[in-house]
Amino acid sequence: MSASIDRRLPWQVPVMQAPIGPAATPALAAAVSEAGGIGSLGASWTAPNVLRSQIRDIRQATDRPFCVNLVLAFEQEERLEIAVAEGVELISFSWGVRADLVGRAHAAGCLVMAQAGSLAEASAGVRAGCDIVLAQGVEAGGHVQGEVAMLALVRELSTVLPVPVIAAGGIAETRGARAALAAGAIGVAMGTRFLATPEADVHPDWTARLVDASAADTVLTGCFDGGWPGAPHRVLRNTTYRRWDEAGRPSAGSRPGEGDIVAHHDGVDVERYAADEPRRATTGDPEAMCLYAGEGVGFVTSVEPAADVVSRIAGGLTGCP
């Protein structure tokens, strides 16, 4: 790795843990940052008081920088205020960008990253003042902004943008990471690979599916839209998806089993087609829930400590430009 990479972001190695929603625990973010990468909290639906506590938990575990991600399809002003007040070094915005929020983060001394699935989205992020663009390819797991493959998107954005680009989408091993850097990225963000770590809050049934799955087991769909309609997402095919698919993919209101309670978490019922993923404490039928996974899932063959993932990927990037 060249020294120029280290100067662009507050990391020691060009590996970032993507903001994987509730699965991204403080322990996971801290482990990635402590290993020299950048850990992230997916804070978009976290209660503000809980977010403050999570940030402080990370501070107790590491003095290394980390990121808080906020999805701008939802109101995030209060969460942003907490993150900047607590001195979070990197704020990332996805599913939209707002110059006023970028300015607020900059005023607090934060670096700001915008997630983009297209040149238009990336350009909007630059115009809003973002320091970095995360190029999310269509191979990514979770909610997917664009329709362009990761390598093609990285090549385009790294050629025309005046800011550095981080690659995301389908990267779960060293060869994929090296290809992303060769295409012009300064580093990589991985989500699915960090789901299969002991630090992630992931139900064991979901972990087992991740370890056994291949890229062909994933699908980009609108099936699990409860709580976030209209946002495409890549998941593992499961019983809920297959029932819906076999029924002809009917729209909301006429889907098979709609309204069924398939699981429970912290005393809250989880309905079929909800966007909620199964966590360790989830009870019921976690297999029927939303099982996010990217196309790199075939390279996830074991549960591995987060620090080991960072070390292995970073070791394979030694000497990359």
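Let's start at helix 7, residues 150-160, where Met150, Leu153, Val154 and Leu157 are buried. If you look down the axis of helix 7, those buried residues fall within an arc of 100°, so they line one face of the helix. The general reason is a familiar one: an α-helix has 3.6 residues a turn, so residues three or four places apart point the same way. Before I go on, please keep in mind that this is a predicted model.

What covers that buried face? The cover of the buried residues of helix 7 includes three strands and two helices, namely strand 5 (111-116), strand 6 (132-136), strand 8 (165-168), helix 6 (119-127) and helix 8 (174-182).

Now let's move to helix 4, residues 77-85. Which of its residues are buried? They are Arg79, Leu80, Ile82, Ala83 and Val84. These buried residues pack against helix 3 and helix 5, and also against strand 3 (66-71) and strand 4 (90-94). Just after helix 4 comes Gly87, with a positive phi of about 80°.

Helix 5, residues 99-107, deserves a word of its own as a partner of helix 4. The two pack at an angle of about 15°, and their axes are 10 Å apart. An angle under 35 degrees counts as roughly parallel, and helix 4 and helix 5 are therefore roughly parallel to each other. Their crossing is right-handed. On the helix 4 side the contact is made by Glu77, Leu80, Glu81 and Val84, and on the helix 5 side by Leu101, Arg104 and Ala105. Sorted by class, that contact has 4 nonpolar and 3 charged residues, with no polar ones.

Here is a second helix pair, helix 2 (residues 26-34) with helix 3 (residues 48-61). The angle is about 40° here, and the axes are 9 Å apart. Helix 2 and helix 3 are therefore oblique to each other. Helix 2 passes helix 3 in a right-handed crossing. Helix 2 contributes Pro26, Ala29, Ala30 and Glu34 to the contact, while helix 3 brings Gln54, Asp57, Ile58 and Ala61. By class, the residues of this contact divide into 5 nonpolar, 1 polar and 2 charged.

Let me finish with three loop residues. Ser44 sits in the loop between strand 2 (39-42) and helix 3. Is Ser44 buried or exposed? At 2% relative accessibility, Ser44 counts as buried. Not counting residues up to four places away in sequence, Ser44 touches Asn69, Leu70, Val71, Gln76 and Arg79. You have met Arg79 already, as one of the buried residues of helix 4.

Next comes His203, in the loop between helix 9 (192-195) and helix 10 (204-212). His203 is buried too, with a relative accessible area of 9%. Its contacts, leaving aside neighbours within four places in sequence, are Pro278, Arg279, Arg280, Thr282 and Pro286.

Finally, Ala293 lies in the loop between strand 14 (283-284) and helix 12 (306-316). Ala293 is buried, with a relative accessible area of 1%. What surrounds it? Setting aside neighbours within four places in sequence, Ala293 is in contact with Gly141, Gly142, Thr192, Leu210, Thr218, Arg234, Val235 and Leu236. One distance to try in your viewer is Ala293 to Arg237: they are 56 residues apart in sequence and 9.8 Å apart in space, C-alpha to C-alpha.

Thanks for listening, everyone!

Key:
Residues numbered from 1 in each chain as written. Predicted model: local features only at pLDDT ≥ 70, side-chain atom pairs only at ≥ 80, totals over all residues. Heavy atoms only, no water. Axes fitted to C-alpha atoms, helices over the stretch in contact; angles between N-to-C directions. Helix = DSSP H or I, 4+ residues; strand = E, 2+ residues; numbered from the N terminus. Parallel < 35°, antiparallel > 145°, perpendicular 65-115°, else oblique. Left-handed = near helix turned anticlockwise from the far one by under 90°. Contact = heavy atoms within 4.5 Å. Nonpolar A, V, L, I, M, F, W, Y, C, P; charged D, E, K, R; others polar. Buried < 20%, exposed > 50% of the residue type's maximum accessible area, 1.4 Å probe, protein only. Arc of directions from axis to C-beta.
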